[in-house]
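Visitor: I should like a close look at a single part of this model, the annotated binding site, and then at the surroundings that frame it. Please treat it as one connected account.

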Amino acid sequence: MIPEIEKLLNEQITYEAKASAQYLSMACWADVNGYNGVADFFYTQSEEERVHMTKLVKFINERSGIAVIPAIDKPRDDFKTLMELFETFLDSEEFVTARINNIIYECLQHKDYNVHNFMQWYVAEQLEEEATARTLLDKLKIIGDDKSGHYLFDRDINTFQIEDSAK
Ligand code: OFO
């Protein structure tokens, strides 16, 4: 495996692990604040990020690289509102998208079409997750401080169908 690309993929393992830890922390916050639907949503997101991380780990090791499992800093847990939770969600997804785009760029610079091909799955995944994060944040902006709106948001969050324009 091209060393520069291996380094970037290992960095991506860290970002996926961080996202997994962050979403688990957000699930905990929602759980203890009475938002059980939101908690379920983030428990699931956290598990998905772990899958993304493991997929990278296996890919690197199968391609004669060495996957490095990182230490992760304590994720943010000082949320005050649902809005802050979903702003953090969107920020996190936008950050990960930027890192993935950078890997795609470097793959092309190094003519590493294998990794480029592998990373297309992540490109599609990010499109979907960013769309989800944006849609949910937009709904919260409409709801504002309305408590019954928050109640309905929490009740319905796991039933929203987010259109994926990439499919
Ligand atoms: Fe790993 O899918 Fe978003 O961040």
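**The annotated site and its surroundings**

Guide: In UniProt, an unreviewed entry carries the feature "binding site" at Glu16, Glu49, His52, Glu93 and Gln126. These residues span 111 residues in sequence, yet no two of their C-alpha atoms are more than 12.9 Å apart, so they gather at one spot. The model in which they do so is predicted, and the positions themselves come from the record.

Two of these residues can be followed in detail, beginning with Glu93. Glu93 is placed in helix H3, which runs over residues 82-109. Is Glu93 buried or exposed? Its relative accessibility is 1%, and the limit for a buried residue is under 20%, so Glu93 counts as buried. Once residues up to four places away in sequence are set aside, Glu93 touches Tyr23, Glu49, Gln126, Glu129 and Glu130. Glu49 and Gln126, which appear among those contacts, are also listed in the annotation.

Gln126 belongs to helix H4, residues 113-143. With a relative accessibility of 3%, Gln126 also counts as buried. Beyond its neighbours within four places in sequence, Gln126 is in contact with Glu93, Val96, Thr97 and Ile100. With which side chain does the side chain of Gln126 make a polar contact? The partner is the side chain of Glu93, at 3.0 Å. This polar contact therefore joins a residue placed in H3 to a residue placed in H4, within the 3.5 Å limit used for such pairs.

The record also describes a wider region. The annotation "domain: Ferritin-like diiron", again from an unreviewed UniProt entry, covers residues 1-144. Over that span, 81% of the chain is helix and 0% is strand, and the end C-alpha atoms lie 49 Å apart.

Thr14 offers a view of helix H1, which comprises residues 3-32. At 19% relative accessibility, Thr14 counts as buried, given that the cut-off is under 20%. Apart from neighbours within four places in sequence, Thr14 is in contact with Pro70 and Ile72.

The nonpolar interior comes next. In soluble globular proteins, nonpolar side chains tend to be buried together. Here the largest nonpolar core has 23 residues, of which Val38, Phe42, Leu82, Leu85, Phe86, Phe89 and Phe153 touch the most other members. Two or more residues of this core are contributed by each of H1, helix H2 (36-62), H3 and H4. The largest share, six residues, comes from H1. Apart from this core lies another, of 20 residues, among them Leu8, Leu56, Val115 and Met119.

Val38 shows how the largest core is connected. Val38 is found in helix H2, and at 0% relative accessibility Val38 counts as buried. Not counting residues up to four places away in sequence, Val38 touches Ala30, Leu82, Leu85, Phe86, Phe153, Asp154 and Ile157. Four of these names, Leu82, Leu85, Phe86 and Phe153, recur among the core residues that touch the most other members. Between Val38 and Cys28, which are 10 residues apart along the chain, the C-alpha separation is 9.7 Å.

Phe153 leads on to the packing of H4 against helix H5 (residues 147-156), since Phe153 is one of the residues of H5 that make this contact. The two helices pack at an angle of about 155°, with their axes 9 Å apart. That angle makes H4 roughly antiparallel to H5, because the category begins over 145 degrees. On the H4 side the contact is made by Leu136, Lys139, Leu140 and Ile143, and on the H5 side by Gly149, His150 and Phe153.

Finally, two loop residues deserve attention for their backbone geometry. Most residues other than glycine have a negative phi. Ser64 is not a glycine, yet its phi is positive, at about 65°. Ser64 is found in the loop between H2 and H3 and, at 62% relative accessibility, counts as exposed. Lys111 likewise has a positive phi, about 55°, although it is not a glycine. Lys111 is located in the loop between H3 and H4 and is exposed, with a relative accessible area of 59%.

Conventions:
Residues numbered from 1 in each chain as written. Predicted model: local features only at pLDDT ≥ 70, side-chain atom pairs only at ≥ 80, totals over all residues. Heavy atoms only, no water. UniProt positions renumbered as here; feature names shortened; annotations may be inferred. Helix = DSSP H or I, 4+ residues; strand = E, 2+ residues; numbered from the N terminus. Buried < 20%, exposed > 50% of the residue type's maximum accessible area, 1.4 Å probe, protein only. Contact = heavy atoms within 4.5 Å. Polar contact = N/O pair within 3.5 Å; in protein donor to acceptor, adjacent residues only side chain to side chain. Core = buried A, V, L, I, M, F, W, Y, C linked by side-chain atoms within 4.5 Å. Axes fitted to C-alpha atoms, helices over the stretch in contact; angles between N-to-C directions. Parallel < 35°, antiparallel > 145°, perpendicular 65-115°, else oblique.
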